[in-house]
Amino acid sequence: MKRFVQIVLLAIISLLVNIAPTAAARRVPLNERVPLADPFILLDGDTYYAYGTHSRDGIVVYTSKNLKEWRQCGLALHKKDSYGKRWFWAPEVYRINGKYYMYYTADKHICVAISNSPLGPFVQQNREPILPDNNIIDNTLFVDDDGTPYMLYVVINKGFSIYVAELESDFMTIKPNTATFCIRPKQHWERLEGKVNEGPSIVKHNGTYFLLYSGNGYTSQKYGIGYATSKSIRGPWKKSADNPILQLPRNLVGSGHGAPFYDKRGRLHYVFHAHYSRDKIHPRCMYISRVSFKRVDGKEQFVISDRYRTPRVGK
């Protein structure tokens with residue numbers, strides 16, 4: 001009997017530990033959550049910087065020391081310093097050769113702006129988009145092991161498809177004739193409301209490229225995250241049969257369009273947004289989950305935990 005009681009107590013403790021992150025997340029009031037859609041987190045020194053879609057006037061930046069409490073630091077990019085006057089979406093910031101490069105969308109065109117500080121001001125030196133064609137969004141940077149830079153981006157043409165192209169050494173100019181098709185919406189869950197593959201990013205693990213993306217229309221409560229794999233940055237890409245790997249996690253709806261990042265201890269996370277509530281889409285808010293790789297039948301799977309963290313705006 002004593003042994004049975006011990007087993008029951010251990011089971012209860014395990015259950016409490018497993019639900020603790022979600023319970024804590026629910027205790028963060030909606031009006032104290034970080035209002036960033038398409039979020040991206042940069043760790044620079046001992047400070048985390050979060051950027052995302054929110055302001056009509058440009059790109060907002062938040063800072064944190066612990067990923068829990070965040071402070072709003074104003075606009076890192078103002079529209080006066082950029083091509084375009086509206087629709088400032090999906091920013092990502094990287095430190096390159098001592099400067100900071102912001103890849104973002106404005107007026108449904110992809111752009112790059114540069115700053116001496118992760119706080120900005122970021123300035124687009126040439127006030128023209130990277131590609132002249134309209135309806136190209138969500139550009140992201142990937143630098144391969146040999147130092148070659150690539151840009152991934154989304155083309156909107158009878159649906160949302162993802163492409164990759166090699167960059168020149170300036171990290172801003174696409175090399176001619178290098179654009180290669182990656183993926184388009186084919187799986188059922190990606191086509192529930194629109195035909196959407198967007199928000200790309202890449203993680204390379206044990207020689208395999210994992211292309212993370214979001215599927216379905218962002219206004220859908222079943223917006224989610226999937227991935228495809230390849231042995232080459234240029235493909236061909238094979239989508240996982242386990243997709244979507246994050247959709248409707250616990251009490252969230254409309255979860256997707258994020259980016260991977262490493263914390264101060266070298267652990268991999270994925271930051272993403274979800275709808276403000278089950279009844280209201282905007283402002284979408286930022287959440288953080290741990291990432292792991294699981295080997296099944298000799299192949300590694302990319303796993304995003306549904307035990308997410310809810311960042312809070314500090315007072």
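A contact here means heavy atoms within 4.5 Å, and in this predicted model residues 24 or more positions apart account for 47% of the contacts with a separation of 6 or more.

**Figure 1. Overall view of the predicted protein, with one helix and 21 strands.** The radius of gyration is 20 Å, close to the 20 Å that the globule rule gives for 315 residues, so the protein is as compact as a globular protein of that length. Along its principal axes the C-alpha trace spans about 75 × 50 × 40 Å. Of the 315 residues, 53% count as buried, while the protein exposes about 14,900 Å², of which carbon and sulfur atoms supply 51%.

**Figure 2. Close-up of the largest nonpolar core, which holds 34 residues.** Within this core, Y51, M102 and Y103 are the residues that touch the most other members. Strand β6, covering residues 99–106, contributes the largest share of the core, namely six residues. A second core, separate from this one, has 19 residues, among them I245, C285, F302 and I304.

**Figure 3. Close-up of two buried cysteines, C111 and C285, in a structure where a search finds zero disulfides.** C111 counts as buried because its relative accessibility is 0%, and C285 likewise counts as buried, at 1% relative accessibility. The cysteine sulfur closest to that of C285 belongs to C73 and is 18 Å away, which is too far for a bond, because a disulfide requires two cysteine sulfur atoms within 2.5 Å.

**Figure 4. Close-up of the loop that carries K80, between strands β4 (69–78) and β5 (89–96).** K80 counts as exposed because its relative accessibility is 53%, and the cut-off for that class is over 50%. The C-alpha atoms of K80 and Q124 are separated by 9.6 Å, although these two residues are 44 residues apart along the chain.

**Figure 5. Close-up of the salt bridge between D46 and K65, in a structure with a count of 15 salt bridges.** The closest N and O atoms of D46 and K65 are 3.0 Å apart. The pair links distant parts of the chain, 19 residues apart, with D46 in the loop between β1 (37–44) and β2 (47–53) and K65 in the loop between β3 (58–64) and β4. Both partners count as partly exposed, D46 at 46% relative accessibility and K65 at 49%.

**Figure 6. Close-up of the salt bridge between E166 and R234.** The closest N and O atoms of this pair are 3.1 Å apart. E166 lies in strand β10 (residues 160–166) and R234 in the loop between β14 (224–230) and β15 (238–239), so the salt bridge ties together parts that are 68 residues apart in sequence. E166 counts as buried, at 15% relative accessibility, whereas R234 is partly exposed, with a relative accessible area of 32%.

**Figure 7. Close-up of the salt bridge between D306 and R250.** The side chains of D306 and R250 meet at 3.4 Å, N to O. The pair links distant parts of the chain, 56 residues apart: D306 is in the loop between β20 (299–304) and β21 (312–313), and R250 is in the loop between β16 (246–247) and β17 (256–262). D306 counts as partly exposed at 33% relative accessibility, as does R250 at 32%. Elsewhere, E32, E69 and R312 are joined into one network by salt bridges that share partners.

Technical notes. Residues numbered from 1 in each chain as written. Predicted model: local features only at pLDDT ≥ 70, side-chain atom pairs only at ≥ 80, totals over all residues. Heavy atoms only, no water. Core = buried A, V, L, I, M, F, W, Y, C linked by side-chain atoms within 4.5 Å. Buried < 20%, exposed > 50% of the residue type's maximum accessible area, 1.4 Å probe, protein only. Helix = DSSP H or I, 4+ residues; strand = E, 2+ residues; numbered from the N terminus. Rg over C-alpha atoms; globule rule 2.2 N^0.38 Å. Areas by Shrake-Rupley, 256 points an atom, 1.4 Å probe, with all protein chains shown as cover. Salt bridge = Lys/Arg side-chain N within 4 Å of Asp/Glu carboxyl O.
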